[in-house]
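Subject: Structure handover and findings

Hello,

Here is the structure for you to take over. My notes on it follow below.

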Amino acid sequence: MSSREDETLAHAAVTALTRQLELTPKPGLPDPRDLRARVTRQDHRALRWSAKALLPGLAAMAACARRNGAPTPELRAELGAIGRSTEHSLTLAGGGHRGATWVLGLLVAAAALEPGARGRDLVATAKQIAAHPDRRAPRRPSVGSSVSAKYGAAGARGEARAGFPHVRRALDVLAAARTAGTAEEDARLDALLTVMSTLQDTELLHTAGPHGLRHVQAGARGVLDEGGTATAAGRRALAAFDADLQERGWSPRGSGSLLAGALFADALPVAAGRGAW
């Protein structure tokens, strides 16, 4: 059974995901802008609604990690089983958040194992969990694993086993932007673009191929090279980049999931109680 602490961690993770969804404008990603086409606004509302379906699974992952007490192969296998069950619940609730389930699940489990850890310390514990293979995973390859094998991309598993380098980069951008007095929304957008500029997003590789991935990475770098979203030039570049991705129908969802992970790791209090895959 999950405890109040487990549920608190689950709520914190869903809140981080919701904050990522609310951020605007996000190039190629669903957000709440009124200027979006009607179908996209509905997609955004559906994603916000289905995010709530993560709560029971994340709380169960927290309880599982707390019960195991260490980043063991057994914990990894249990988390994988809970994660697959949670993805099924998400499908029934409208879908979406597949990547976020993986990222937030590992970070929530890490937070349960190391109460009080946050930021890079939290990511380091998540890396220890992800280092173990999932012995109960289905043998059939997923789209992500097939794309990873085809193009040599790290993919979701590789990102976690490397200690979520893009979550760490997003955390660094957030910290530097706040030190410089940058508005929080601009700090988060710059963190998202930083992730987008180097991430080998397997969904983008699947839908747009290597050329499309490089195009998206270059577009994100272009906004940052103009000074980021806090500058007038950066905002113009961001608007052009967003319009381009909307026209092409390319969605770098992997970057959004990793930003949600960074927001969760960043928001945890230094002295969190025991709690929460």
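A salt bridge, as the term is used here, is a side-chain nitrogen of Lys or Arg within 4 Å of a carboxyl oxygen of Asp or Glu. By that criterion the structure holds twelve salt bridges. Please keep in mind that this is a predicted model.

Overall fold

The protein chain has 13 helices and zero strands. Its radius of gyration is 18 Å, close to the 19 Å that the globule rule gives for 277 residues, so the chain is as compact as a globular protein of that length. Along the principal axes, the C-alpha atoms fill a box of roughly 50 × 45 × 35 Å. Of the 277 residues, 51% count as buried. The accessible surface of the chain is about 12,400 Å², and carbon and sulfur atoms account for 52% of that surface. As for charge, there are 36 positive and 27 negative charges, and their mean positions lie 5 Å apart.

Salt bridges between helix α4 and the α6-α7 loop

Side chains of opposite charge can pair when their charged atoms come close. Three of the pairs are described here, beginning with Glu-74 and Arg-135, whose side chains form a salt bridge with an N to O distance of 3.8 Å. Glu-74 sits in helix α4 (residues 73-92) and Arg-135 in the loop between α6 (119-130) and α7 (143-151), so this pair ties together parts that are 61 residues apart in sequence. Glu-74 is partly exposed, at a relative accessible area of 39%, and Arg-135 counts as exposed at 55%.

Another pair is Arg-76 with Asp-134, where the closest N and O atoms are 3.7 Å apart. This salt bridge also links distant parts of the chain, with Arg-76 in helix α4 and Asp-134 in the loop between α6 and α7, 58 residues apart. Both of these residues are buried. Arg-76 has a relative accessible area of 4%, and Asp-134 has one of 15%. Buried means under 20% here, so Asp-134 at 15% falls within the class.

Asp-134 also meets Arg-84 in a salt bridge, at 2.8 Å from N to O. Asp-134 is in the loop between α6 and α7 and Arg-84 is in helix α4, so the two tie together parts that are 50 residues apart in sequence. Arg-84 is partly exposed, with 28% relative accessibility.

What does Asp-134 pair with, then? Its partners include Arg-76 and Arg-84.

Elsewhere, a network of salt bridges links Arg-178, Glu-184, Arg-188 and Asp-266.

Backbone geometry

Most residues other than glycine have a negative phi, and most peptide bonds are trans. Two places in this model are worth listing against that background. The peptide bond from Thr-24 to Pro-25 is cis, with omega near 0°. Pro-25 is located in the loop between α1 and α2 (38-51). Phe-164 is not a glycine, yet its phi is positive, at about 45°. Phe-164 is placed in the loop between α8 (155-161) and α9 (165-179), and it counts as buried, with 0% relative accessibility.

Two residues of helix α1

Gln-20 belongs to helix α1 (residues 4-22). Is Gln-20 buried or exposed? Gln-20 is buried, its relative accessible area being 6%. Apart from neighbours within four places in sequence, Gln-20 is in contact with Lys-26, Gly-256, Leu-259, Ala-260 and Leu-263.

Thr-15 is in helix α1 as well. Thr-15 counts as partly exposed, at 35% relative accessibility.

Two C-alpha separations

For reference, Thr-15 and Thr-86 lie 17 Å apart in space from C-alpha to C-alpha, with their positions 71 residues apart in sequence. The C-alpha atoms of Arg-76 and Gly-119 are separated by 21 Å, and these residues are 43 apart along the chain.

Regards

Note on methods. Residues numbered from 1 in each chain as written. Predicted model: local features only at pLDDT ≥ 70, side-chain atom pairs only at ≥ 80, totals over all residues. Heavy atoms only, no water. Helix = DSSP H or I, 4+ residues; strand = E, 2+ residues; numbered from the N terminus. Buried < 20%, exposed > 50% of the residue type's maximum accessible area, 1.4 Å probe, protein only. Contact = heavy atoms within 4.5 Å. Rg over C-alpha atoms; globule rule 2.2 N^0.38 Å. Areas by Shrake-Rupley, 256 points an atom, 1.4 Å probe, with all protein chains shown as cover. Lys, Arg positive; Asp, Glu negative; His and termini not counted. Charge placed at Lys NZ, Arg CZ, Asp CG, Glu CD.
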